[in-house]
2 protein chains.
Amino acid sequence: MAEAKTTKQITIYDIAREAKVSPSTVSRVLTNSANVRPEKRDRVMAVVNKYNFKPNPLAKGLSDTRSGVIGILAADVRNPFYSAVYVACENAALERGYRVILCCSLEDKDREVEQLNILKSQRVDAIIQIGGRVDDVMTDLSFAKEAKQISANVPIVTNGKIDSVPCYRVTINAIEASKLLTEHLIGLGHKKIALVGGRLDVISTYEKYITFRNILKQNGIPFKKEYIVEGGYNHDAGYAGIKKLLALKERPTAIIAINDFSAAGVMRGLTEAGLKIPGDMSVVSYDNTYITDLLVPKLSSIDYDYDTFGKKLVDSAIDASLKKDVPTLQTVTPHLVLRESSGPCTK
Amino acid sequence: MAEAKTTKQITIYDIAREAKVSPSTVSRVLTNSANVRPEKRDRVMAVVNKYNFKPNPLAKGLSDTRSGVIGILAADVRNPFYSAVYVACENAALERGYRVILCCSLEDKDREVEQLNILKSQRVDAIIQIGGRVDDVMTDLSFAKEAKQISANVPIVTNGKIDSVPCYRVTINAIEASKLLTEHLIGLGHKKIALVGGRLDVISTYEKYITFRNILKQNGIPFKKEYIVEGGYNHDAGYAGIKKLLALKERPTAIIAINDFSAAGVMRGLTEAGLKIPGDMSVVSYDNTYITDLLVPKLSSIDYDYDTFGKKLVDSAIDASLKKDVPTLQTVTPHLVLRESSGPCTK
DNA sequence: ACTGGTTTCGCAATCGGTTTCAAAACAATC
DNA sequence: GATTGTTTTGAAACCGATTGCGAAACCAGT
């Protein structure tokens, strides 16, 4: 153990002494909160730069009761959708001089409540919640209770919907997304289109489903109940889904998967069955994560422009924490990224 | 928008008043730093629980100069390897009552330096750096300078190697990993094995390469220079690599890709060329991220047991920050996860 | 009951900033 | 040059914890 000469921290008092001003003046310079004579300001800045001095954020947070940190509660950053959103948020936050702390609930309810507590005790200025959480009906009440209590002090912004807790929302326009995909396939001549993966009690999934039906109707295409295969949001859900569909006497010619993961499962099922994509069947999906590029063939998918998504999330979060006016609901508009997995209907 | 009655924070003084003790006693109870009469302790805890009181970490950090936060500097959390390590670290940190703050450098050198500054100003207790950084020769000097300055106060632990900056290392046993893969393929009868992706100036990649040659030698298999195809660590590198190899008059029968991404590229190249995996060619790789499960066929890969990896990283970080003795170098032992992408040599 | 030794406890200082308040400095006006 | 108004400035209080120090309480032991 080397000398524990804990290299005493430089404080504004040190700066003050060396610049021959009072600590208050240093503080004022650093926050440019009031007018200080240019001459002194320069003296102070010179010393500040000399030592590359950075004010202690703990002390700062203590006195002005703002931490400069925004908490991000993501379901699981290992999921590329969340990591994409996370990185976009980190960028946007950095841009505005805020730090970010990330917590992954890993879909575990208890843990989610605990995370909320951590964020609370970290005194974050705002919380961004991105994840599958739909509403409190599906979830435990302790979360709702905790969240409600917290949201009294700290604004919460989410990409979903948290019933019973006041929060700001920045959501993806699922209706538009679904429209893009459905019309794309119809434009290619497909009439037998199946939906794979996702639960209809998840609001965004439900919106996609309803829109799908509407577009079908608008185009005079009959809706078939057996082409809707609910499931999870992962690879296995897609795999299971396509197996069911392939067992049908009248198979679909195109699949809309609920996300890239389930699309991967669908594609595995198809490949194993010896079917060609998109020759025998087209596959498209939502999210446009990097796994679209890994699959063979490359997957066409709906992109959300993660950068502006992240920006809207953190701008809302920060502005709300500053008590500025923030729209309660914002949306980001999706667009379709075409790759190799969808093609004209051949039968 | 409810009243902006910033719901005054509950402090240790409030607790003290209600429990009829002094603030110091409350503090002692909360930190159980000294013995306090059980009776009073109970009184205090009752009030604490009543309000679900959490001491303000800013104030705490201010006085004891520990923030309870460890900073994680990851190259890019969108990469599943890093996100896996990150989540493991988050878990391990939570386990020990620490919080974590994540920064992604996105391979940008300037940004990396900036992140270092952020972590510094956040007064993190320790820094964990996971990323491709090899040594300072490849990197800018400002990072080295900054890191050096910081490491004087805050321990840095990395999975790589930072020359010129004192740090603790927890690395993957690349030699063992390479051995596992190479021997696995040789065991299946392969004699023409190629390495795809990765740069030999990256230490871990180099170790894998050398081990590969050694094992070949031990088994009396001739080494062929044209079977080594350097490249990046992504899908495209694998794709480009396999194209080169397929152009050879004597093609290899098995591929070791530097990670799952490049393996995906390799597999695409193979599939496009109409070759069967593993029938015509076996493919294996390092990292065992979830994308191994997405590919067709599922990819055999080297796993690192991310949980213990993360645990070692954070244990080292925390213990070092506590001035405990921590080994300078630790390793995690890899093991092979067999799936469908490797099979016996058929020619 | 008194003494000596431990525990337990509270006062007050401290951590490193921000901010209020009033005094000091400056400028402008008559 | 005296007076009024406006900027600048520094002293001191404050944010919410922790902690050193000494006083008070407790516990035998005689």
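**View 1. A mixed six-strand sheet in chain A.** Six strands of chain A, that is 6 of them lined up as β7-β6-β8-β9-β10-β12, make an open sheet with mixed pairing. β7 (228–229) and β12 (335–337) of chain A sit at the edges with a single partner strand each, so one side of each has no neighbour in the sheet. Two strands count as paired if DSSP finds at least two bridges between them. Helices (H or I, at least four residues) and strands (E, at least two) are DSSP runs, numbered from the N terminus. Everything here comes from a predicted model, where local features need pLDDT of at least 70 and side-chain atom pairs count only at pLDDT 80 or more, while totals for chains, interfaces and linings use all residues. Residues are numbered from 1 along each chain as its sequence is written, with chains lettered from A and ligands numbered from 1 in the order in which they are written.

**View 2. Zooming in on β9 and β10 of chain A.** β9 (residues 282–286) and β10 (residues 300–303) of chain A run parallel and are held together by 3 bridges. Look for A:Y286, which stands opposite A:I302 in β10(A). In the loop between β9 and β10 of chain A you'll find A:P297, and the peptide bond leading into A:P297 from A:V296 is cis, with omega near -5 degrees. Most peptide bonds are trans.

**View 3. Two helices lying across the chain A sheet.** Helix α8 (residues 174–187) of chain A lies across β6 (193–196), β8 (254–257), β9, β10 and β12 of chain A, at about 170 degrees to β9(A). Helix α11 (residues 260–272) of chain A lies across β6, β8, β9 and β10 of chain A and runs at about 160 degrees to β9(A). For these angles, axes are lines fitted to C-alpha atoms, for helices over the stretch in contact, and the values run from 0 to 180 degrees between N-to-C directions.

**View 4. The parallel sheet of chain B and its helix.** Here 6 strands of chain B make an open sheet in the order β2-β1-β3-β4-β5-β11, with parallel pairing. β2 and β11 (329–332) of chain B are the edge strands, each pairing on one side only. On average, neighbouring strands of this sheet are turned by 20 degrees against each other, direction ignored. Inside the sheet, 2 bridges link β4 (residues 156–158) and β5 (residues 168–172) of chain B, which run parallel, and B:V157 stands opposite B:Y168 in β5(B). Helix α12 (residues 306–321) of chain B lies across β1 (69–74), β3 (126–130), β4, β5 and β11 of chain B, at about 150 degrees to β3(B).

**View 5. Two backbone oddities in chain B.** A cis peptide bond with omega of about 0 degrees joins B:I277 and B:P278. B:P278 is in the loop between α11 and β9 (282–286) of chain B. Over in the loop between α3 (38–51) and α4 of chain B is B:N52, which has a positive phi of about 50 degrees although it is not a glycine. Most residues other than glycine have a negative phi.

**View 6. Where chain B meets chain A.** At this interface, 40 residues of chain B are in contact with 40 residues of chain A, contact meaning that C-beta atoms, placed from the backbone, lie within 7 Å. On the chain B side, α4, α5 (80–95), β2 (99–104), α6 (109–121) and α11 (260–272) each give two or more residues. α5(B) has the largest share, 6 residues. By class, this side of chain B divides into 21 nonpolar, 10 polar and 9 charged residues. Ala, Val, Leu, Ile, Met, Phe, Trp, Tyr, Cys and Pro count as nonpolar, Asp, Glu, Lys and Arg as charged, and the others, Gly among them, as polar. Of the interface residues of chain B, 98% are also interface residues in chain A, so the copies meet through the same surface.

**View 7. The surface near DNA strand C.** Of the 27 residues around DNA strand C, those that come nearest are A:S24, A:S27, A:A59, B:N35 and B:V36. A residue is near a strand if its C-beta atom, placed from the backbone, lies within 6 Å of it. α2 (23–30) and α4 (57–64) of chain A, along with α2 (23–30) and α4 (57–64) of chain B, each supply at least two residues of this surface. The surface near DNA strand C has 9 nonpolar, 13 polar and 5 charged residues.
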